[in-house]
Amino acid sequence: MRKFLVSAAAIAAVATASPAWAERGDMLVKVRGSYALRSGSDSVTLKVNTTSVTAKADDAVGAEAAIDFFLTDNIAAEFAFGGASYDIKDAKGRTLASSGMITPTVTVLYYPSPEARVRPYFGVGASYVNFYSEKPGEIVTSQNPLPPVSYGVGMKSNIAPVGQIGVDVALDDKIYVNLDAKYVWAKSKLSFTQGSNTQTVDHDMKSFVIGAGVGFKF
């Protein structure tokens, strides 16, 4: 009986141990794969030659790296840099416009249980949603008007509010598994140039970004 009690106590100690708790001055480096769900983004309607085309932002796979600095035992500042493609497609899956998108982000995170093995967190912040290398898609490039005209696409970058939740799960005193989710809402504009004519429409980008990866404590 005594051996059983001793063994039970040992198992309980291991189960409740917190080998990788974080405290003021600690730094966590995290690398995550991500998937951006954009079904909440507004659709856009443009006239391509004589045809009206309606399209929405498509979901995309991306990646993100982050550094968390613990300002107190419970509060950390996270500096993250993520990226993914940004394609606007019609209901048939044809691309109206595409670009790359990078999102440097700063959030303040609150960890209610920094000493635990499983450490949830939540926070708020801001992201700079930066579009680059914009180009028209096959809906536009497949057009053959006479006389020929040139086409161009531009997307306005902007600062966006961010809400964030996640959890760190310690594997040992240095390594973590990280699960993370962010909601990013950016107000943008899509400009479409067709010859000498330019159309500009508002485009609200709403992304729910789910990420999973590993973290390292320093």
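In this predicted model, Phe-69 is partly exposed, with a relative accessible area of 35%, and Phe-79 is likewise partly exposed, at 42%. Phe-69 lies in strand 4 and Phe-79 in strand 5, so their ring pair ties together parts that are 10 residues apart in sequence. Another aromatic pair links distant parts of the chain, with Tyr-151 in strand 8 (residues 151-155) and Phe-192 in strand 10, 41 residues apart; here Phe-192 is buried, with a relative accessible area of 2%. The count of aromatic pairs comes to 6, and the two described here are set out below.

| Aromatic pair | Geometry | Centre to centre | Angle between planes |
|---|---|---|---|
| Phe-69 and Phe-79 | edge-to-face | 6.0 Å | 70° |
| Tyr-151 and Phe-192 | stacked | 6.0 Å | 10° |

Ring pairs also join Phe-70, Tyr-111 and Tyr-121 into a cluster.

Phe-69 and Phe-79 also belong to a nonpolar surface patch of about 860 Å², whose other members include Ile-67, Leu-71, Val-106 and Tyr-110. Two or more residues of this patch come from each of strand 4 (60-70), strand 5 (75-89) and strand 6 (95-110), with strand 6 giving the most, 3 residues.

Turning to the interior, the largest nonpolar core holds 25 residues, and those touching the most other members are Tyr-86, Ile-88, Leu-96, Val-129, Phe-131, Leu-190 and Met-205. Strand 10 (residues 175-194) supplies the largest share of this core, 4 residues. Leaving aside residues up to four places away in sequence, Met-205 touches Tyr-86, Val-129 and Phe-131 among others, including Ser-41, Met-101 and Trp-185. A second, separate core of 9 residues includes Tyr-111, Tyr-121, Ala-170 and Tyr-176.

Key. Residues are numbered from 1 along each chain as its sequence is written. This is a predicted model: local features need pLDDT of at least 70, side-chain atom pairs count only at pLDDT 80 or more; totals for chains, interfaces and linings use all residues. Side-chain values use heavy atoms; hydrogens and water are left out. A nonpolar core is a set of buried Ala, Val, Leu, Ile, Met, Phe, Trp, Tyr and Cys residues joined through side-chain atoms within 4.5 Å. Buried means under 20% relative accessible area, exposed over 50%, partly exposed in between (1.4 Å probe, protein chains only). Contact means heavy atoms within 4.5 Å. Patches are made of residues with over 30% relative accessible area and no salt bridge: like charges are joined within 9 Å, nonpolar side chains (Val, Leu, Ile, Met, Phe, Trp, Tyr) within 5 Å. Accessible areas come from the Shrake-Rupley method with a 1.4 Å probe; for residues, only the protein chains shown count as cover. A salt bridge is a side-chain nitrogen of Lys or Arg within 4 Å of a carboxyl oxygen of Asp or Glu. Rings of Phe, Tyr and Trp (its six-membered ring) pair if their centres lie within 6.5 Å; planes under 30 degrees apart count as stacked, over 60 as edge-to-face and the rest as tilted.
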